[in-house]
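This briefing goes through selected features of the structure shown below, grouped by topic. Please keep the sequence and the coordinates at hand while reading.

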Amino acid sequence: MATPIKFREIEGWGPGYLALLAGLGLLVLSGLAAAWFMEHNGHYVTGMNNQIVWGMPHVFAVFLIVAASGALNVASIASVFGKTPYKPLSRLSGLLALTLLAGGLAVLVLDLGRPDRLIVAMTTYNFKSVFAWNIYLYTGFFAVVAVYLWVQMERRMNRYTTVAGWVAFLWRLVLTTGTGSIFGFLVAREAYDAAVMGPLFIAMSFSFGLAIFLLVLMLTYGGTGRPLGDRILKRMGTLLAVFVAAVLYFTAVQHLTNLYAAEHIGVERFILLEGGVYTSLFWWGQVVLGGLVPLALLLLPRFAGSRASIALASILVVLGGLVQVYVIIIGGQAYPLVLFPGMEVASSFMDGEAATYLPSLYEIGLGVSGIAMALLMVALAVKVLPFLPASLADAAIDPHHTRTATTEPAAAGA
Amino acid sequence: MRALVLLFVLLVVPAAAGAQEGRASGPVIPKGKGTQCVAETDYMRRFHMIELTHQRDETVHRGIRTERYSLKECVECHASVGTDGTPISINAPGQFCASCHDYAAVTIDCFQCHASKPDGSDQAGLARSLAVAAGMETVR
Amino acid sequence: MSEFDWKRRHFMSAAAAAAGVVLAPGVTLYGIAAKAREADVPVTSETRWGLLIDVNRCSDGCDACVSACNEENGIEGHGRPATDAQWIRKVQLRDPRTGIEKHFPVMCQHCAEPPCVDVCPTGASFKRADGIVLVDKHICIGCRYCMMACPYKARSFIHENVSEQRPYAPRGKGTVESCTMCVHRVDAGAVPACVEACGERGNGAMLFGDLNDPDSEISQRIATYATRRIRADLGVDPGVWYQNL
């Protein structure tokens, strides 16, 4: 702990910053307009129907909620596992966790059939429902992370950072398990009935959260011209590789255990072989683009460590993550419910048929606005509060590494 | 919870009641069928929302189907008929429910789902079914 | 308050309604009046309403139950099969080994352990004491988690504005709904519309009754004949039984 880290607000109202705010604001507004249009006309204007009851908004919402708890990871590494180099990053990590969760929840709420009854959702609980537990988990997460940020930012409270860090860490594990359980509890849906859903969601959260964190970090430091060291980036890149591998591993476990259970063979055939768009999305989108390519970019000596490859890998992890959530949520519903095992079924209500789903622009707009909301909040927060260290040059954040030559200036710039 | 609602209403009611006193300046409320409401008029003005919510829960969750505070019955008595003989929605502008609510700036969503016009055929249909049910007791 | 005599005013209309019933030729309300619950008495778990459907009697092409349900509850499609509500549907089942085909209606199975009720965040999905599974549309927020949880695909989300509702069957955009076992009729002592129509215009394949009463016809038939329930392996204890399935 040689030099204390200096945190600074972003200064100035440069045209770049204003353009960013305007762009994000526009996305948010169009998302709100889309939500209003969906509510006003009813959900028939979307691609959702009585077969695919959760559509694109849920894909984005679940992705964001899962990523939110993962974004907190960087802070946990610093406070819980005592890794000093991550310490300067923990404020941004906490901030991202809050905003991503807020963005995700906003999308979830705006997609309700009756968003006007939000007050009902918050005052009437069915304590048996996983959904209701999640409402507590989310509210608690906001509180816990807010306190965690506060003890970090308020000097007098700094000594509680480790305790707060632990609480936040445990809370987020429970939260992600809770999100995974929303699906795990659906006994009737062949695709979700697996114990591995919890761990899989935790691995996903680690990976998506860190990828988003890396992108935001590189963007803000690139945009403000503050120094950002290679070493810390590289460390996080390697960590991302570990998480991506973990997601691939748990995905394999998920499908292999399902293949082992005779009654789930049908849904596995659907996702892995015969599901058309879902099969392609699974193999090409989730496994190749969202898994294998990022791994190669992060680990192969040819690419490893370069900023471009870390950035590209992070983008692919985010896109692959969206695809993965899409395959889980939409693919899992597209596979018909089995009412009569071993029989051929037909009805006017599309029994026995794979459901079709074509997301509408409105749903996508609403989903994207969740991401925009989160980023907009970050952009504003770093402006008014000291979330970002003035310098993340290697020498500035980890004195043990000063011996390794670094060309970056250690002073604050902007 | 109920106490809270009551308290809230008691705070707001002076405003609503005030609106009633000066009829000239207040809303014009179409008159209901018959001579009196299901409770004293003054009580209805102030507390109809509480009775409706209570009735709602009693009916939906406990299967209690008394008529007194049933929303269906409010519509039966309070919906008007147009000059051409067709019923008018009870919640249309100027009609019974809307007359006050527009004045008091209250919005209700009840008639997104609930029929806002009386339906005479309803009674006859169910009565016939009851008769059939009597016959069905032993058949099939 | 209590001195207010609102009943005297109401006496007229009640008498008029009763007269309407007597008018139905050859039947009196007597028999059921004994059975029907008084309007101010809550339902209890002494009764568990259920259905028994004889698949052998149900024929292909007959949709008496479906049309009666739509008529009774005011369910009108908008010509959009993917989003239009269906409370009851005719399912065609074919055994790939034998080629034998069967036809029968499937609706909410009114489970004793309903997954929709377990997952509902607000408690809008609930099971009434007499076993009828309902949505309290006043507190439904339209999250559709119940539709994800239902093993029977029994629920529909109302995807667009509804008008011309039946006074006794309110429905509206943004909430989830399903077969109510015609709760408004059952409360009045009648049988569900589908059962009535099946008896009158169909093949008499449906029977409605009290599963808790060992002497009821439905309990007797279940005790006598081989019956089964759909996906009974899930342990949800459905209230709809099928004979010859």
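A residue is called buried here when its relative accessible area is under 20%, computed with a 1.4 Å probe and protein chains only. The model is predicted, and the points below take up a sheet in chain C, a helix pair in chain A and the overall make-up of chain B.

**The sheet of chain C**

- Four strands of chain C form an open sheet with mixed pairing, and their order across the sheet is S8-S1-S10-S9.
- The edges of this sheet are strand S8 (206–210) and strand S9 (227–228) of chain C, each of which has a pairing on one side only.
- Strand S1 (residues 49–54) of chain C is joined to S8(C) by five bridges in the antiparallel sense, and within this pairing C:Gly50 has C:Gly209 of S8(C) as its bridge partner.
- On the way to S10(C), the pairing of S1(C) is parallel and comprises four bridges, with C:Leu52 matched to C:Trp241 of S10(C).
- S9(C) and S10(C) run antiparallel and are joined by two bridges, and here C:Thr227 has C:Gln243 of S10(C) as its bridge partner.

**Side chains of S10(C) and the helix across the sheet**

- In a regular strand, side chains alternate between the two faces of the sheet.
- In strand S10 (residues 240–243) of chain C, C:Val240 and C:Tyr242 point one way while C:Trp241 and C:Gln243 point the other way, and all of them are buried.
- Helix H7 (residues 193–200) of chain C lies across S1 and S8 of chain C, and its direction makes an angle of about 135° with S8(C).

**A helix pair in chain A**

- Helix H9 (residues 230–260) and helix H10 (residues 265–274), both of chain A, pack with their axes 8 Å apart and at an angle of about 140°.
- Because angles over 145 degrees would be needed to count as roughly antiparallel, H9(A) and H10(A) are oblique to each other.
- The crossing in which H9(A) passes H10(A) is left-handed.
- H9(A) contributes A:His255, A:Asn258 and A:Leu259 to the contact, while H10(A) contributes A:Ile265, A:Glu268, A:Ile271 and A:Leu272.
- By character, the residues of this contact comprise four nonpolar, two polar and one charged.

**Chain B as a whole**

- Chain B contains six helices and zero strands, and the order of its elements from the N terminus is α-α-α-α-α-α.
- Of the 140 residues in chain B, 36% are buried.
- When contacts in chain B between residues at least 6 apart in sequence are considered, 57% of them join residues at least 24 apart.

Technical notes
Residues numbered from 1 in each chain as written. Chains lettered and ligands numbered in written order. Predicted model: local features only at pLDDT ≥ 70, side-chain atom pairs only at ≥ 80, totals over all residues. Heavy atoms only, no water. Axes fitted to C-alpha atoms, helices over the stretch in contact; angles between N-to-C directions. Parallel < 35°, antiparallel > 145°, perpendicular 65-115°, else oblique. Left-handed = near helix turned anticlockwise from the far one by under 90°. Contact = heavy atoms within 4.5 Å. Nonpolar A, V, L, I, M, F, W, Y, C, P; charged D, E, K, R; others polar. Pairing = 2+ DSSP bridges. Buried < 20%, exposed > 50% of the residue type's maximum accessible area, 1.4 Å probe, protein only.
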